[in-house]
Each structure stands twice: as C-alpha cells, then as structure tokens.
Amino acid sequence: MTATTADVWLPYPAEEIDGLPEGLNYLFWDGEPDYPGDPADCAYYVVPYLKGPEIAVRPLASMSAVQVVQTLSAGIDHVEPGLALLHSGVRLCNAKGVHEASTAELTLALILGSLRGLPGFVHGQDKEEWRSGFYPSLADKSVLIVGYGSIDSAIEDRLAPFECARVARVARSARTTARGPVQTLDELPALLPEADVVILSTPLNPSTQGLVGADFLAAMPDGALLVNVARGPVVDTKALLTELESGRLRAALDVTDPEPLPAGHPLWHAPNVLITPHVGGSTSAFEPRAKRLLAAQLTRFAAGEPVRNVVTTTG
C-alpha cells in the first residue's frame, strides 16, 4: 500500500480540516462502536481525543498495514498498552505544539488561584462573607519544574513576568536551554528543599510513576505548593493526602489517581487542595492547533517525507 492510496482515520470530518493533501482516503472515526472502514486498510491512524485507552487501542490489533499512529495528546500512555499489537516499524507521534499554550495557561491559573486563595473567595462569595487578609504571592517564590519539555518551556515563558526569585528545571537528561540549565532527576533531593512551588509536567512512564512519594513530599518545605499537570499516577495519592491533611503542604491538581476522581474520595475535601478535572488541554486553543498539526503531518506523509513528533517506533 502506498501513501497515495492509503486510508486515514481522522477524529474530525476531513472537510473540517484546512490544508489536507489530496490523494488520501479520509475516514471519520471518533471512537464509535462501528469502524468507518476495514482497519486492515488504515495506514495513518489518528487516535480519538479524550476517549480513553480502551477506545484508543481497540482497532490496533487489526491495523496490519498501519504506518503511523498519531495522538492528539502530549502524553502517549493511553496508547502504549496497544503497541505490542502492531507490526514493527510503526511510528507513534504525539501532539507536540498543540497543548503548550492551554496547559501553560492552566498551570499559571492553578498556581495563582491556590496561592492567592481564590477557592476560599468563591466559597466566601457563596456565603456572602468578605474574606480579606494577606495571601502568598508568586513574586519572590522559588519554582521547580519537573519534566522539561515543550509544555514546561511554555510554562516558564509565562512565569517570566511574575518576578519569581528562581526557576529550576529537572528532566531525564541534563542540557542547557536559553533560560538556563536543566538538571537531572538525581538532583531532586538537593532542589526540593528550596522550592516554594513544584510543577509536575513529566510524561508517565516506569521512571516517573510514583515519582512523587512520601520522600519527595517530605523534602518539600513547609507551606510549599505541588502543582500536577502531568498524569495522576506520577503522584502517590496516599502520601499526598497525608501531607495535605497535616496542613504542611498545598496542592493544585489537574490530574489525579484515580481519575476521574470518584465521589466520596478524600482528596475532594482535603485541606489546601485545588482540583480541576483534567482540562489542561481542553480549551478553544486546542482544535485549531490540532487541525494544523494533522494537515502538516499528513502533507508530509502523502509526500513520502518523514513525519514529525515521533516518540517511538515499534520494533
């Protein structure tokens, strides 16, 4: 099968995406029970967005001719369980460039909302109470960003005007960026005691699952704020609850473990926690960027050029 005769499964109708190349057979599938065509004929599979791992993986075992699996998320953990079902040489691409603006915006909103006590003001408004007083500011705080990819860089861009005392960066490998050095995860024990705000924006993989456990949290200073816009299982929920219930730490969470957070879970009502329902990328900025990514990727695919954002290739 050549790219010019290939089926492409899209989670949007093709007519809604400007710039798609001609010569490909575009089929619309957004996770419905019935497939739009024979999965064996699909060469480029765009995973439905926010439909969960079961739907994401369901057609993979039958996609004997697939060449590219494209997520519309920055993370790929919802697709990884199905990679073993694919033949060798399939490229798995993520949505780098799509979520940076939205996730960075929410990260700043979570930090400012938590530090400045906005949830308490909302509750006060409901009760017609005037809750004045002094609250922490982001200015003069030391910030530690854990997982320094494109989203983290966008977060730091937006931190710049807030007069933070320091921004430290940690990732799997050390490197130098325009804003300063990125240190390795091995440096966390030395960096955590100095961090007033710790931002988690790392992929979920075996090295990061449970990264933020009791020891990690104990190393954070009293009154520090943990912000998680990564994946829920990066944080040990039981260990976090212990710190929150003691009143020693604060947390602002866009992701949780478990997720969705069930009714009655103690995290809902733990002190000093602000929770949003995994909406880091779910804004008006998502769709136009996602569609531009798909048009660019498929233009390269149709021309026989290498696609971008390749995270891994099956072997």
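Thr-71 is found in the loop between strand S4, residues 68-70, and strand S5, residues 91-93. The model before us is a predicted one, and in this model Thr-71 is buried, with a relative accessible area of 0%. The side chain of Thr-71 reaches the backbone oxygen of Ser-73 at 2.9 Å. If we leave aside neighbours within four places in sequence, Thr-71 is in contact with Val-47, Ile-76, His-78, Val-79, Leu-92, Cys-93, Asn-94 and Ala-95.

Let me turn to two residues in other loops. Leu-50 sits in the loop between strand S3, residues 42-46, and helix H1, residues 52-57. Leu-50 is not a glycine, yet its phi is positive, at about 60°. Is Leu-50 buried or exposed? Its relative accessible area is 54%, so Leu-50 counts as exposed, the cut-off being over 50%.

Glu-128 belongs to the loop between helix H3, residues 118-126, and strand S6, residues 142-146. Glu-128 also has a positive phi of about 60° without being a glycine, and Glu-128 is exposed, with a relative accessible area of 78%.

I come next to helix H2 and one of its residues, Leu-115. Leu-115 is buried, with a relative accessible area of 5%. Not counting residues up to four places away in sequence, Leu-115 touches Tyr-135, Pro-136, Ser-137, Leu-138 and Leu-225. Leu-115 and Val-197 are 82 residues apart in sequence, while their C-alpha atoms are 9.7 Å apart in space.

Val-197 is the opening residue of the range 197-200 given for strand S10, and S10 is among the elements that give two or more residues to the largest nonpolar core. That core has 31 residues. Which residues have the most contacts inside it? They are Leu-144, Val-198, Leu-200, Phe-216, Met-220 and Leu-226. Besides S10, the elements that give two or more residues to this core are S6, strand S7 (166-171), helix H5 (188-191), H6, H7 and S12. The largest share, four residues, comes from H7.

Met-220 may serve as an example from this core. Leaving aside its neighbours within four places in sequence, Met-220 is in contact with Leu-192, Val-198, Leu-225, Leu-226, Arg-248 and Leu-249.

Helix H7 itself spans residues 237-246, and its buried residues are Thr-237, Ala-239, Leu-240, Leu-241, Glu-243 and Leu-244. Against what do these buried residues pack? Their partners are helix H6 (214-219), strand S11 (225-228), strand S12 (250-253) and strand S13 (273-275). At the N-terminal end of H7, Asp-236 acts as a cap, with a side-chain oxygen 3.0 Å from the backbone nitrogen of Lys-238. Just after H7, Gly-247 takes a positive phi of about 80°.

Further along the chain is the loop between S12 and S13, where Pro-258 is found. Pro-260 lies in that loop as well. Where are the cis peptide bonds that involve these prolines? One joins Asp-257 and Pro-258, with omega of about 10°. Another joins Glu-259 and Pro-260, with omega of about -5°.

After S13, in the loop that leads to helix H8 (286-302), we find Thr-276. Thr-276 is buried, with a relative accessible area of 16%; this value falls under 20%, and therefore Thr-276 meets the cut-off for a buried residue. A polar contact of 2.7 Å joins the side chains of Thr-276 and Asp-254. Not counting residues up to four places away in sequence, Thr-276 touches Leu-106, Leu-110, Leu-253, Asp-254 and Val-255.

I shall close with a pocket. The second largest pocket has a volume of about 450 Å³. It is lined by 21 residues, and those closest to its centre are Pro-119, Gly-120, His-123, Val-273 and Leu-274. Helix H2 (100-115), H3, S12 and S13 are the elements that give two or more residues to this lining. Which element gives the most? That element is H3, with six residues. By residue class, the lining of the second largest pocket divides into 14 nonpolar, six polar and one charged.

Conventions
Residues are numbered from 1 along each chain as its sequence is written. This is a predicted model: local features need pLDDT of at least 70, side-chain atom pairs count only at pLDDT 80 or more; totals for chains, interfaces and linings use all residues. Side-chain values use heavy atoms; hydrogens and water are left out. Buried means under 20% relative accessible area, exposed over 50%, partly exposed in between (1.4 Å probe, protein chains only). Contact means heavy atoms within 4.5 Å. A polar contact is a pair of N or O atoms within 3.5 Å; within protein, one must be able to donate a hydrogen and the other to accept it, and residues adjacent in sequence count only if both atoms are side-chain atoms. On a 1 Å grid over the protein atoms alone, a cavity is a set of points where a 1.4 Å probe fits but cannot get out, and a pocket is an open set with protein on both sides within 12 Å along at least five of seven lines; lining residues have an atom within 4 Å of a point. Grid points are joined across faces, edges and corners, and a volume is the space filled by probe spheres set on the points. Ala, Val, Leu, Ile, Met, Phe, Trp, Tyr, Cys and Pro count as nonpolar, Asp, Glu, Lys and Arg as charged, and the others, Gly among them, as polar. A nonpolar core is a set of buried Ala, Val, Leu, Ile, Met, Phe, Trp, Tyr and Cys residues joined through side-chain atoms within 4.5 Å.
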